[in-house]
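Thank you all for coming; I would like to take a few minutes to walk through one model, moving from the whole chain to single side-chain pairs. Please have the sequence and the structure open while I talk.

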Amino acid sequence: MIDRGGAVLGPGLYLFRADPEQVDPACLAGFLRISGASGPARGQSGTSRADIRRVEIPRLSVAEQRQLGEAFQRLELFERAVARASRQAAELVRAGPAELASGALRTP
């Protein structure tokens, strides 16, 4: 995740500062996320950590990095939208029976 400031680092967290003339921050964040260095993989316990010294980041031109960084950001936004829709669907499924029974929700 790219944070523009105001966050406080805790144990096991790292701060990367990238010169935007040489490294696209969104591209760097995307590669760190792929490697798992930005936190435990989905579904794993919080005790698992990746070694950031082993992260492999390809050498790309800044233009290529920016293009890839934009794609990483779009994918992250899509992931958040899917997660939000999933939470809302689960809430509807939980509330559905009671809503049907009370008459607040009608079938077609």
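What percentage of the 108 residues of the protein chain counts as buried? The value is 14%, where buried means under 20% relative accessible area, exposed means over 50%, and partly exposed lies in between, with a 1.4 Å probe and protein chains only. Before going on, I should say that this is a predicted model, in which local features need a pLDDT of at least 70 and side-chain atom pairs count only at pLDDT 80 or more, while totals for chains, interfaces and linings use all residues. Residues are numbered from 1 along each chain as its sequence is written, and side-chain values use heavy atoms, with hydrogens and water left out.

The protein chain contains two helices and zero strands, both kinds of element being DSSP runs numbered from the N terminus, with H or I over at least four residues for a helix and E over at least two for a strand. The accessible surface of the chain is about 8900 Å², and carbon and sulfur atoms account for 56% of that area; the areas come from the Shrake-Rupley method with a 1.4 Å probe, and for residues only the protein chains shown count as cover. If we take contacts, meaning heavy atoms within 4.5 Å, between residues at least 6 apart in sequence, then 64% of them join residues at least 24 apart.

Let me turn to helix α1, which spans residues 25–35 and has as its buried residues Ala26, Cys27, Leu28, Ala29, Gly30, Phe31 and Leu32. These buried residues pack against α2, which runs over 62–102. At the N-terminal end of α1, Asp24 acts as a cap, with a side-chain oxygen 3.2 Å from the backbone nitrogen of Ala26; just after the helix, Gly36 adopts a positive phi of about 85°.

Which residues does Gln65 touch, if we do not count those up to four places away in sequence? They are Gln22, Val23, Asp24, Cys27 and Leu60. Gln65 lies in helix α2, and its relative accessibility is 9%, so Gln65 counts as buried. Beside it in sequence, Glu64 also belongs to helix α2, but Glu64 is partly exposed at a relative accessible area of 41%. The side chain of Glu64 reaches the backbone nitrogen of Ser61 at 2.9 Å, and the C-alpha atoms of Glu64 and Cys27, 37 residues apart along the chain, are separated by 9.2 Å.

Now to the aromatic rings. Rings of Phe, Tyr and Trp (for Trp, its six-membered ring) pair if their centres lie within 6.5 Å, with planes under 30 degrees apart counted as stacked, over 60 as edge-to-face and the rest as tilted; by this rule the count is one aromatic pair. Why is the pair of Phe31 and Phe72 called edge-to-face? The ring centres are 5.5 Å apart and the planes stand at 80°, so the pair falls in the edge-to-face class. This pair links distant parts of the chain, since Phe31 sits in helix α1 and Phe72 in helix α2, 41 residues apart. Phe31 counts as buried at 14% relative accessibility, and Phe72 counts as buried at 19%.

Finally, the charged pairs: a salt bridge is a side-chain nitrogen of Lys or Arg within 4 Å of a carboxyl oxygen of Asp or Glu, and by this rule there are three salt bridges. One of them joins the side chains of Glu79 and Arg33, at 2.0 Å from N to O. Because Glu79 lies in helix α2 and Arg33 in helix α1, this pair ties together parts that are 46 residues apart in sequence. Both partners are partly exposed, Glu79 with a relative accessible area of 29% and Arg33 at 33% relative accessibility.

Another salt bridge connects Glu76 with Arg80, whose closest N and O atoms are 2.8 Å apart; both residues lie in helix α2, four residues apart, which is about one turn of the helix. The side chains of Glu91 and Arg94 also meet in a salt bridge, at 3.0 Å from N to O, and these two lie in helix α2 as well, three residues apart. Here Glu91 counts as partly exposed at 43% relative accessibility, whereas Arg94 counts as exposed at 57%.

Note on methods. Polar contact = N/O pair within 3.5 Å; in protein donor to acceptor, adjacent residues only side chain to side chain.
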